[in-house]
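Trainee: Could we go through this model together before I set anything up with it?
Mentor: Gladly; let us put it on the screen and start with some terms.

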Amino acid sequence: MNLRDLKYVLAVAKHRNFTRASESVSVSHPALSNQIKKLEAVVGIPIFERNRDGISLTAFGEELMLKAEQIVDMSDSISDLARAHKSSAQPPLRLAMTPTLAAYLSPYFKDIFAKIVPDRKIVIVEEYPVAISNMVENRSVDFAFIARKSYDTIYHEAKQPMAFMPLWLEPLYLGVRRGHPISQKGSIWAHEIPADRLIRFPISFGYDLEKDLPEPSEKVAEEIGIDVSTARFETVCRYVAQNDACTIVNAIAAEQFKLDDFGLSFVPFNDAGNMRELGVLSRPQYPNPEIVNALEQHVRTEPPFGTVGLKSFV
């Protein structure tokens with residue numbers, strides 16, 4: 001039994017699915033399955049129950065998982081310690097963010113971290129919430145910024161979730177081209193949005209309001225003249241600025257689009273759930289908690305433009 005075997009056990013225990021588990025540890029499904037079977041043969045007792053309803057831990061597997069988590073955490077802590085002693089030059093801080101944040105908050109966070117850790121460079125990584133959470137877990141980034149709703153969805157069944165510290169609240173707007181009839185409205189209800197003109201994204205932004213938006217028409221691509229179903233957030237916004245389509249835009253992106261004279265107008269929503277809570281995602285054993293704590297203090301005092309800093313945390 002080795003450290004790799006324990007990581008495989010934890011991956012299967014987390015995902016309860018060999019395909020998803022194999023993807024999370026970057027091995028093939030057969031390789032992972034065979035390695036688990038070999039480990040069960042070595043210990044002489046099943047770790048997982050396999051049946052039509054899926055995969056579950058045996059009583060032994062439950063106890064093994066707790067021990068494995070402790071061992072893997074200790075191993076990772078030793079690796080962190082070794083890296084800290086290898087060189088006096090500090091490695092860059094790697095921060096992961098979703099597409100609705102990364103392009104617009106880079107200067108903001110670089111200014112903050114220049115005050116907190118002036119000897120560290122900053123590297124911004126853009127990805128979607130599930131991938132971001134995996135990056136934090138496997139230490140490929142130091143921490144990440146995601147919506148509370150995304151965090152709750154990812155970790156609602158996790159026994160040892162990553163740490164989440166809420167930092168700010170951010171409004172949601174409907175983005176339309178400048179001069180669009182809807183742009184003349186002071187505010188809008190979700191049900192008023194024309195479904196045949198609404199461009200929705202397959203991945204949630206983390207607002208409760210999204211469940212109240214109309215389902216987009218299958219003819220949206222035909223109506224607006226381009227299929228943007230797989231396009232990035234800013235690409236979609238550029239197309240909206242050129243036709244009569246509309247899409248949802250978070251406040252941080254909206255404020256940057258205004259500065260860039262993007263050609264969009266932003267209409268606030270009347271519906272409840274039009275604010276999302278965002279925060280920093282980090283490992284419970286992150287070796288530099290003082291950085292996260294200092295970040296909290298800065299954001300509480302000066303939140304990103306267009307947002308509301310959270311003054312107290314629970």
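Mentor: Two strands are said to pair if DSSP finds at least two bridges between them, and the elements themselves are DSSP runs numbered from the N terminus, helices being H or I with at least four residues and strands being E with at least two. This is a predicted model, in which local features need pLDDT of at least 70 and side-chain atom pairs count only at pLDDT 80 or more, whereas totals for chains, interfaces and linings use all residues. Residues are numbered from 1 along each chain as its sequence is written, and side-chain values use heavy atoms, with hydrogens and water left out.

Trainee: Okay, so which strands does E6 pair with, say E9 for a start, and in what sense?
Mentor: E6 and strand E9 (residues 264–268) are antiparallel and share five bridges, with Leu264 of E9 as the bridge partner of Arg177. Strand E8 (residues 246–250) also pairs with E6 in the antiparallel sense over five bridges, and there Val176 stands opposite Cys246.

Trainee: And how many bridges link E6 to E10?
Mentor: Eight bridges, again antiparallel, connect E6 with strand E10 (residues 275–282), where Pro171 stands opposite Met275. Strand E11 (residues 308–309) is joined to E6 by two bridges and runs antiparallel to it, with Trp168 opposite Gly309.

Trainee: Is E6 enclosed or open, then?
Mentor: Twelve of the 15 residues of E6 (residues 163–177) are buried, so this strand is largely enclosed by the rest of the structure. Buried here means under 20% relative accessible area, exposed means over 50%, and partly exposed lies in between, using a 1.4 Å probe and protein chains only. Over the whole protein chain of 314 residues, 46% count as buried.

Trainee: Switching to H7: which of its residues are buried?
Mentor: Ser150, Tyr151 and Tyr155 are the buried residues of H7. They cover an arc of only 110° around the axis, which puts them on the same side of H7; the arc is that of the directions from the helix axis to the C-beta atoms. These buried residues pack against H6, strand E5 (143–147), E6 and E10, where a contact means heavy atoms within 4.5 Å.

Trainee: I'm thinking about docking, so what is the volume of the largest pocket?
Mentor: The largest pocket has a volume of about 1,500 Å³. On a 1 Å grid over the protein atoms alone, a pocket is an open set of points where a 1.4 Å probe fits, with protein on both sides within 12 Å along at least five of seven lines, and lining residues have an atom within 4 Å of a point. The volume is the space filled by probe spheres set on the points.

Trainee: What lines the largest pocket?
Mentor: Its lining holds 40 residues, and Lys14, His15, Asn134, Glu137 and Tyr155 lie nearest the centre. Among the elements that give two or more residues to that lining are helix H1 (3–15), helix H6 (129–137) and helix H7 (148–155), and H1 gives the most, with six residues.

Trainee: Any backbone oddities? What is phi of Arg16?
Mentor: Phi of Arg16 is near 55°, a positive value in a residue other than glycine. Most residues other than glycine have a negative phi. Arg16 is found in the loop between H1 and H2 and is partly exposed, with a relative accessible area of 33%.
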